[in-house]
Each structure stands twice: as structure tokens, then as C-alpha cells.
Amino acid sequence: MYRTGDRVIRRPAGELVFLGRDDNQVKIRGNRVELGELEAVAHAVPGVREAVAVVRGAGADRELALFLVPEQAGHGALDHEEVRAALGRALPAYMVPTWFFDVDLVPVSGTGKTDRAALTALADDLVSQRAAEPAPRVDYLDEIERGLAAIWAEILGVEGIVRDRSLLEYGAHSLNMFTAFAKIDERYGVSVPMLPFFRSPTIATLADLVRAGQASAVAS
């Protein structure tokens with residue numbers, strides 16, 4: 001049986017030979033991701049005129065990057081955390097991109113199709129640029145935030161994690177999130193609920209969840 005998007009060739013005798021898929025389904029850490037579905041959800045976010053998702057990296061380090069074209073060029077960048085939150089409400093966590101970038105227009109190939117290879121190369125360049133930027137000033141509210149940042153810094157191999165910046169921007173994904181939650185449970189004696197954290201994966205959010213868990217334990 002064949003379905004729309006299958007690529008085949010017909011041999012002289014009439015039989016069809018399956019060559020693979022011609023859609024934009026990719027695999028990220030064992031999870032199948034349909035890029036078109038991700039792009040459709042992003043495109044529905046107010047202020048987004050166009051959205052294109054690509055995959056960068058290799059093997060276990062593969063991650064999603066989303067390019068966004070604002071509806072009104074020159075009127076300020078889109079709120080990426082707002083877009084991330086909208087995607088998180090509509091899609092499973094593994095489909096929410098790690099990287100978000102604004103572009104004025106999407107490059108196309110000679111045949112008029114979206115040039116995803118060019119966008120992947122651009123994503124690599126932009127990620128490298130961000131890595132080369134000096135670490136921002138970090139101000140934590142208390143020792144809980146400082147301790148949580150230390151846990152994530154150890155897992156991700158980065159320093160200077162900003163309390164209200166998404167951990168996905170530092171390379172966090174679902175697998176190392178489980179590692180972090182185990183360490184948090186061991187250190188603070190709190191089983192943090194996953195869903196609120198996935199909606200806003202920051203040190204600040206995580207600290208609020210830890211404080212709430214500790215307060216609940218004391219009350220009971």
C-alpha cells in the first residue's frame with residue numbers, strides 16, 4: 001500500500017519500487033516530527049507571517065530550529081517565548097524547537113522551493129554566534145535558583161544560565177530534563193511536575209515549582 005508523499009519508481013514490468021518519503025518528517029532523539037505540523041502551529045501564532053522548521057546537528061545532538069517571518073517587518077522582533085508557549089500548548093515537548101530566529105524572508109531554491117539547506121547553514125552560524133557572545137549578567141533570587149542553575153550547568157556543560165531564559169536555548173531536551181528532575185528530587189526532596197515546567201522551561205519557573213513543593217510538604 002502506498003500513500004501521498006511516498007516516492008516510487010515503476011519498473012518496465014509494471015511493479016512499483018518504494019524509494020522513501022518526500023515529505024518533511026524527521027526523527028529527533030527517537031521521536032518522529034512532522035515539520036509541516038510544527039510550522040502550521042507556529043504560523044497560527046499572532047504576528048507570524050511565515051514559519052519554517054529545520055534540523056541541525058547530528059545523532060543525539062539533533063535539534064529543531066524555527067525561522068519566523070514577522071507579519072510587519074521592521075516593527076520589532078517577535079516574542080519567541082510567546083511562540084514557544086503556544087507551541088508547547090499544542091504540541092508534545094519534543095516538537096518544540098530549541099532555537100528561534102527571525103528573518104525578513106525565507107530563502108528559496110532555483111525551483112522556487114524553500115531552501116532548507118540554506119536555513120540549516122544559517123542556523124549553525126547563528127548558534128555559533130550566540131555561543132561566542134559574552135555570558136550575560138546573572139542574578140538569582142535565592143539559593144534555590146542558584147542550586148538549580150548549578151544542576152543544569154553541570155548537565156549541559158554551560159555557565160551563566162540566565163534565570164528567565166529558556167533552558168532549551170542552552171541545549172536542554174527531554175532526556176536531560178529527566179536527569180535534572182532526578183537530581184532535584186535528590187537535593188530538594190521535591191518531585192517537580194513536568195507540565196508547568198515544559199510550558200516555561202526556565203530556572204525561575206523551576207524554582208517556583210520547587211518552593212511550592214516544599215511549602216506543600218510542610219503544610220501536610
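In this predicted model, helix α4 passes helix α7 in a right-handed crossing. The two stretches run over residues 143-156 for α4 and residues 203-219 for α7, and their axes come within 9 Å of each other while crossing at roughly 120°. That angle makes α4 oblique to α7. On the α4 side, the residues that do the touching are Ile-144, Glu-145, Leu-148, Ala-149 and Trp-152. Facing them from α7 are Ile-203, Ala-204, Leu-206, Ala-207, Val-210, Arg-211 and Gln-214. Sorted by class, this contact between α4 and α7 comes out as nine nonpolar residues, one polar and two charged.

Helix α4 has another partner in α5, which covers residues 174-188. Here the axes come within 10 Å and cross at roughly 140°, so α4 is oblique to α5. As for handedness, the crossing of α4 and α5 is right-handed. From α4, the contact draws on Glu-143, Ile-144, Gly-147, Leu-148, Ile-151, Trp-152, Glu-154, Ile-155 and Leu-156. From α5, it draws on Asn-176, Met-177, Thr-179, Ala-180, Lys-183, Ile-184, Arg-187 and Tyr-188. The tally for α4 against α5 is 10 nonpolar, three polar and four charged residues. Ile-144, Leu-148 and Trp-152 of α4 turn up here, in the contact with α5, and again in the contact with α7.

Helices α5 and α7 also meet each other. Their axes come within 12 Å and cross at roughly 40°, and the pair is therefore oblique. This crossing, too, is right-handed. Phe-181, Ile-184 and Tyr-188 are the α5 residues involved, and they meet Leu-206, Val-210 and Gln-214 of α7. By class, that gives five nonpolar residues, one polar and no charged ones for α5 with α7. Some of these side players are shared as well: Ile-184 and Tyr-188 of α5 also contact α4, while Leu-206, Val-210 and Gln-214 of α7 also meet α4.

Turning to the open spaces, the second largest pocket has a volume of about 240 Å³. Its lining takes in 21 residues, and those nearest the centre are Ala-93, Tyr-94, Val-96, Leu-168 and Met-177. One of these, Met-177, is also among the α5 residues that contact α4. At least two lining residues come from each of β6 (63-70), α5 and α6 (194-199). Of the elements, α6 gives the most to this pocket, with three residues. The lining splits into 13 nonpolar, four polar and four charged residues.

As for enclosed space, a search of the whole structure turns up one cavity of 30 Å³ or more. The volume of this largest cavity is about 30 Å³. Its lining consists of Arg-84, Ala-85, Gly-88, Val-96, Phe-198 and Arg-199. Two elements, α2 (80-90) and α6, each give two or more residues to that lining. The largest share comes from α2, with three residues. By class, the cavity lining has three nonpolar, one polar and two charged residues. Val-96 lines this cavity and also lies among the residues nearest the centre of the second largest pocket. Helix α6 likewise has a part in both, since it supplies residues to the lining of the pocket and to that of the cavity.

Notes
Residues are numbered from 1 along each chain as its sequence is written. This is a predicted model: local features need pLDDT of at least 70, side-chain atom pairs count only at pLDDT 80 or more; totals for chains, interfaces and linings use all residues. Side-chain values use heavy atoms; hydrogens and water are left out. Axes are lines fitted to C-alpha atoms, for helices over the stretch in contact, and angles run from 0 to 180 degrees between N-to-C directions. Helices (H or I, at least four residues) and strands (E, at least two) are DSSP runs, numbered from the N terminus. Angles under 35 degrees count as roughly parallel, over 145 as roughly antiparallel, 65 to 115 as roughly perpendicular and the rest as oblique. A crossing is left-handed if the near helix is turned anticlockwise from the far one by less than a right angle, and right-handed if clockwise. Contact means heavy atoms within 4.5 Å. Ala, Val, Leu, Ile, Met, Phe, Trp, Tyr, Cys and Pro count as nonpolar, Asp, Glu, Lys and Arg as charged, and the others, Gly among them, as polar. On a 1 Å grid over the protein atoms alone, a cavity is a set of points where a 1.4 Å probe fits but cannot get out, and a pocket is an open set with protein on both sides within 12 Å along at least five of seven lines; lining residues have an atom within 4 Å of a point. Grid points are joined across faces, edges and corners, and a volume is the space filled by probe spheres set on the points.
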